[in-house]
Each structure stands twice: as structure tokens, then as C-alpha cells.
Amino acid sequence: MTPQEIKAALGAGLLSFPVTHFDAERKFHPESYRRHVEWLSGFDAPVLFAAGGTGEFFSLSPKEIPGIVAAAKEAAGKTAIVSGCGFGTEIGVELARAVEKSGADGILLLPHYLIDAPQEGLFVHVKQICQSVGIGVMVYNRDNSVLAVDTLTRLCDECPNLIGFKDGTGDIGLIRQITATMGDRLTYLGGMPTAELFAEAYLGAGFTTYSSAVFNFVPGLAVEFYKALRAGNRARCEEILRDFFYPFMAIRNRRKGYAVAAIKAGVRLQGFDAGRVRPPLDDLTAQEEDMLATLIAPWKR
Ligand SMILES: O=C([O-])C(=O)C[C@H](O)[C@@H](O)C(=O)[O-]
């Protein structure tokens, strides 16, 4: 896909980040992953993100990621696949080139590793990643990698293939300034943990769409929420928030890392052999998994 094609696809609907499936030794488990991606691509998601945050990008070796992208491409049919990318600039450039060769339709650049950096350093980092590939790039704005409006403007001027901006800061003032300044130069994607909890506010701030982690295991419900939101059906959104998202949030908030581990548990509960999370994350306890099973029972496939 060209950068403009992936930009349009990103803006066409609800997005999601499949978990990465592991076997008993916590090695990538392609067969189970492909079955899951194939199931998800049957729902209304124009783009899926392989090896993103929910896909435990931070626990994968850069060598594993092109294979994960290739497996997602094989299983996804017409659904476009964007790959996670990140770490420092050197690794990021190598990884960006490798996933482009594996067929990725675009790249999501996650925050660089560990250290805080000045705006000029972030500018050079993002620019070098963009210039290393021909496919579209979107930046994930959060933690140690928050771009000021001026930096983003310079990047858009110098990198025609920078097509997307995903936000995980929750800083409504900043993101409104960005959408008001950059207009339709970028596609905007809400990416707070359990994005539905913030989706209405992000749409109000000019965002195009959001990514749903729970789409991994209750895709029908995630799509229903998305459609109700887009149709302005606030009553239905609030009902789904109360029946599903707030109880899910209570489980997710029990321990650090559950924004990913609870999603993987949900995928296992739907009958996929997704395996356990890799350290430094940890899995839900048996009791917490039972709570999740009760919550998702009405949406069992
Ligand atoms: O990198 C990631 O996996 C995300 O931040 C996307 C998730 O889908 C997030 O939006 C969520 O938890 O709903």
C-alpha cells in the first residue's frame, strides 16, 4: 500500500492490535496467531497492527517481528497490516526495512527505549525512520516520546510518508492543538489503554478513530460500541460502558501490565491458544481469569 492508501485505510473504521501468541516455551506460535488474525479480519477492522503494544512489542526480539508481520499478512485477507517498530534509531531503521520487506503496509513507531530526549533528538529519530522506508509511518505519542506541535509540523514538512498520529497521553489540550494545527495532513488515532473509555473525548478533539484492544476477544461488541459512537447513540455507548468496559477496567486495574495480560487472557477464554505473556508482564490469577470469563460469557464465540 502507498502511504496515502494506508492513511485512508486507517481512517476508515475501528482498528485493533492482535496479541502475539506464544507456545509453552513462550516462543512465537504462528499457527494459533494466524487463526486468531483470520477470525478478527472477519469483523469490520480496516487495519490490524502486528507486534504493537498489545502484541508485546517491548518483549519481542527485533528478529522475531518480520515473521510475525508475515504471519499476520498471510491470515488477514484484505485487512491491511501495520507493524510495530521502535527501540533506538539504529535498531528502528533496520526493523522498519525488515518489516517493509515482510509485506507490512505501514509502520507504527512506538516510543524509543528508556531515555527522555529533547525535541530535536525526537525530530531526527522519527525523520530517519520515515526516510528508511517507502511505506507510511505513524508515530505513537506517549511517555518519553511526546512531540510538540512545532516538531510534528517540521516532520510533516520533511517526511511525506508520515501519515498518522496515535496518542496515548490523554492530554486533550495538546491533541486539540495538534488536530487544529495539522488538519487533514494526518490521520489521528486514539490509543489510550482500553481506548473506548476515552473514545468520545478523542472524537470531540478531532480524532479520526481509535484502536480497540478488547476487539481481540469481543470483536462484535467492540464494533457495536464503535458504530453506536459514530451514530451519536450515547445511550447505547453508556450501556456498553456500564455492562462491559467499567467492569473490565476494574479487572485491568488490579495489577500493572494487565492492560495487555487481561487482553491475552480474554483471547485464551475465546478458545485460542495464545499462551502466556512474556516477562516483565505477568498473567492474571485463576480467580481473576474466572471474573473475566463471567464478564465475557454473553459474547462467547
Ligand atoms: O499499542 C497498543 O497496543 C495500543 O495502545 C492499542 C490498544 O488497542 C489501546 O488502544 C487499547 O488498549 O484499547
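Reader: What makes Glu158 partly exposed?

Author: In this predicted model, Glu158 has a relative accessible area of 37%. Partly exposed covers what lies between the buried limit, under 20%, and the exposed limit, over 50%, so Glu158 at 37% falls in that middle class.

Reader: Why is the contact of Lys127 with Glu158 called a salt bridge?

Author: The closest N and O atoms of the pair are 2.7 Å apart. The cut-off is within 4 Å, from a side-chain nitrogen of Lys or Arg to a carboxyl oxygen of Asp or Glu, so the pair qualifies. Lys127 lies in helix 5 and Glu158 in helix 6, so the salt bridge ties together parts that are 31 residues apart in sequence.

Reader: How do you know that Arg255 and Asp282 form a salt bridge, and which parts does the pair tie together?

Author: Their closest N and O atoms are 3.2 Å apart, and the limit is 4 Å. Arg255 sits in the loop between helix 10 and helix 11, and Asp282 in the loop between helix 11 and helix 12, so parts 27 residues apart in sequence are tied together. Arg255, at 38% relative accessibility, counts as partly exposed, as does Asp282 at 37%.

Reader: And why is Leu114 called exposed?

Author: Happy to show you! Its relative accessible area is 69%, and exposed means over 50%, so Leu114 earns the word. Leu114 is found in the loop between strand 3 and helix 5. Together with Tyr113 and Ile115, Leu114 makes a nonpolar surface patch of about 410 Å².

Definitions and conventions:
Residues are numbered from 1 along each chain as its sequence is written. This is a predicted model: local features need pLDDT of at least 70, side-chain atom pairs count only at pLDDT 80 or more; totals for chains, interfaces and linings use all residues. Side-chain values use heavy atoms; hydrogens and water are left out. Patches are made of residues with over 30% relative accessible area and no salt bridge: like charges are joined within 9 Å, nonpolar side chains (Val, Leu, Ile, Met, Phe, Trp, Tyr) within 5 Å. Accessible areas come from the Shrake-Rupley method with a 1.4 Å probe; for residues, only the protein chains shown count as cover. Helices (H or I, at least four residues) and strands (E, at least two) are DSSP runs, numbered from the N terminus. Buried means under 20% relative accessible area, exposed over 50%, partly exposed in between (1.4 Å probe, protein chains only).
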